[in-house]
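Student: I am new to this structure and would love a close look at a single part of it. Could you walk me through the place where the two chains meet, and then what lies around it?

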Amino acid sequence: MINKEVDTIETALNDIRDGAVIMVGGFGQAGSPVELIHGLIDQGAKHLTVVNNNAGSGHVGLAALIEAGQVDKLICSFPRMAGSDAFGNLYRDGDIELELVPQGTLAERIRAGGAGVSAFYTPTAAGTLLAEGKETRIFSGRECVLELGLKADIALIKAQYADRYGNLTYYKTARNFNPVMATAASTTIVQVSKIVPLGSIDPECVVTPGIYVDRVINVSTPVHEALLVEQGCVYP
Amino acid sequence: MAQRAANDIPDGSIVNLGIGIPELIASVIPEGREVLYHSENGLLGMGPAPTPEQRDHDLVNAGKKMVTAVEGASFFHHADSFSMIRGGHIDICVLGAMQVSECGDLANWSTGDPDALPAVGGAMDLVGGAKQIYVLTQHCSKKGKSKILQRCSYPLTGKGVVNRIYTDLAVFNVEPDGLHVEEIAPGVSMGLLQERTGCSLIYNERRGITI
């Protein structure tokens, strides 16, 4: 029998090791798997490399993970967001490393990682600071930069519905990086608002097929990061 | 400025609007034109800001502000969204600028200040991928320095990527021989425009510029 449902967040996260590369879904506050991130803070793994578009906000979710000192390196496109002080402070003190990647290159590197593509050429960033030190080649008269596919040990994903095979659907723009990251990690851990019976998700509507998913946790009333930040919440 | 740029967006266009002044364009598109807005976080068919009842923290734009989705909109993941951008499927992208050069180089992500936290977002993908890049910006910085220059001194977002520039003083076309003045704002003389611009300008009488 195939059943990817796991009973507790603690069980789902307990084998994450120090030094792991972790992709965290979400774009800003939309689609951020807050309960899983808080579970990772409780679990305590350190020296992590985190891949996310941003650097979290307030003192919850990804910002709280960074504040807890668990992240050595962030791979992202836009760490400068209102309320991203957690990252900014550590960065200025030289206590966290940043790999800045154009947003589309970041998405494509993750897609490539998940699709078994080791590297690809793109005109994005050619002739800019972000291409310095990278191989370039001319295609159809345009300078292109060699970018490497990106894989992770773990992906922490937020979706709306799942079945026990791990088929997933998403909600509006909370989808963002989640389906791409789900493909690129050795272990993909998903929090969903509801686990539904097999067959109740129309196969035409499955966004992430269960092949990419390892563990599914039911978080039936997820708190939205935007509301936690508005209320000034601090985790833990 | 936004109004002037909006006039140049044809009916049926797929448009990506950068954060800030470019966002104003959506509210001043001439009546009768159907324009579809792409938001790079994963929405094609972005609508206006929500009413209090429509507010949804999971329906946001690239600036993380809450928006709505129009009838006929679609949601997609980030790699698909940037395939639309990088694959050349977006007709026009309108961006703000710190500096633009006479050969269409754009600088809009960093001043190169080593103390500043670097952040780039999707700007480099947009300038490399959209079919047309329009820049919408004040002609001069807050300190009064021209943003239209022979060469950008700030780190580039893209080289030779800008097609048109709309400022509070004029509209320019970037062409192989340099910056062509397409239109001058009412009350602005050629002398004043040149004085406030950091590169030489090409005037083309054929285009019927009136001073």
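Tutor: Let's begin with a term we will need: a salt bridge is a side-chain nitrogen of Lys or Arg within 4 Å of a carboxyl oxygen of Asp or Glu. Please keep in mind that this is a predicted model. By that definition, there is one salt bridge between chain B and chain A. Its partners are D56(B) and K172(A), whose side chains come to 3.2 Å, N to O. Polar contacts also link the chains, with 20 residue pairs counted between chain B and chain A, both residues at pLDDT 80 or more.

Where on chain B do the touching residues sit? On the side of chain B that touches chain A, two elements give two or more residues: α2 (78–86) and α3 (123–129) of chain B. Of these, α2(B) provides the largest share, with four residues. Sorted by class, this side of chain B holds 16 nonpolar, eleven polar and eight charged residues.

Now step back to the contact as a whole. Chain B brings 35 residues to the contact, and chain A brings 47. Together the two chains bury about 3,300 Å², and carbon and sulfur atoms account for 63% of that area. Three residues are worth finding in the viewer: D58(B), K64(B) and L117(B) supply 22% of the area that chain B buries against chain A, more than any other three residues.

K64(B) leads us on to the largest pocket, because K64(B) is among the residues that lie nearest the centre of that pocket, a lining residue being one with an atom within 4 Å of a pocket point. The others named there are F78(A), I19(B), A62(B) and G63(B), out of 36 lining residues. So residues of chain A and chain B both appear in the lining, which counts any residue with an atom within 4 Å of a point. The volume of this pocket is about 800 Å³. In chain B, β1 (14–17) and α3 each supply at least two residues of its lining. The helix α3 of chain B is thus one to look at twice, as it also gives two or more residues to the side that touches chain A. By class, the lining of the largest pocket divides into 19 nonpolar, 13 polar and four charged residues.

The second largest pocket holds about 610 Å³ of space. It is lined by 30 residues, and those closest to its centre are A26(B), Y37(B), M46(B), G47(B) and P48(B). Four strands of chain B give two or more residues to this lining: β1, β2 (36–39), β3 (43–47) and β4 (68–75). The largest share, four residues, comes from β2(B). Here the classes are 15 nonpolar, nine polar and six charged.

Finally, there is a closed space to find: the count is one cavity of 30 Å³ or more, and the volume of the largest cavity is about 40 Å³. Its lining is made of V24(A), G25(A), G28(A), S32(A), N52(A), G56(A), L62(A) and E225(A). Two of these lining residues are nonpolar, five are polar and one is charged.

Terms used:
Residues numbered from 1 in each chain as written. Chains lettered and ligands numbered in written order. Predicted model: local features only at pLDDT ≥ 70, side-chain atom pairs only at ≥ 80, totals over all residues. Heavy atoms only, no water. Contact = heavy atoms within 4.5 Å. Buried area = accessible area lost by both parts, 1.4 Å probe. Polar contact = N/O pair within 3.5 Å; in protein donor to acceptor, adjacent residues only side chain to side chain. Nonpolar A, V, L, I, M, F, W, Y, C, P; charged D, E, K, R; others polar. 1 Å grid on protein atoms, 1.4 Å probe; cavity = no way out; pocket = protein on both sides within 12 Å on 5 of 7 lines; lining within 4 Å. Points joined across faces, edges and corners; volume = space filled by probe spheres on them.
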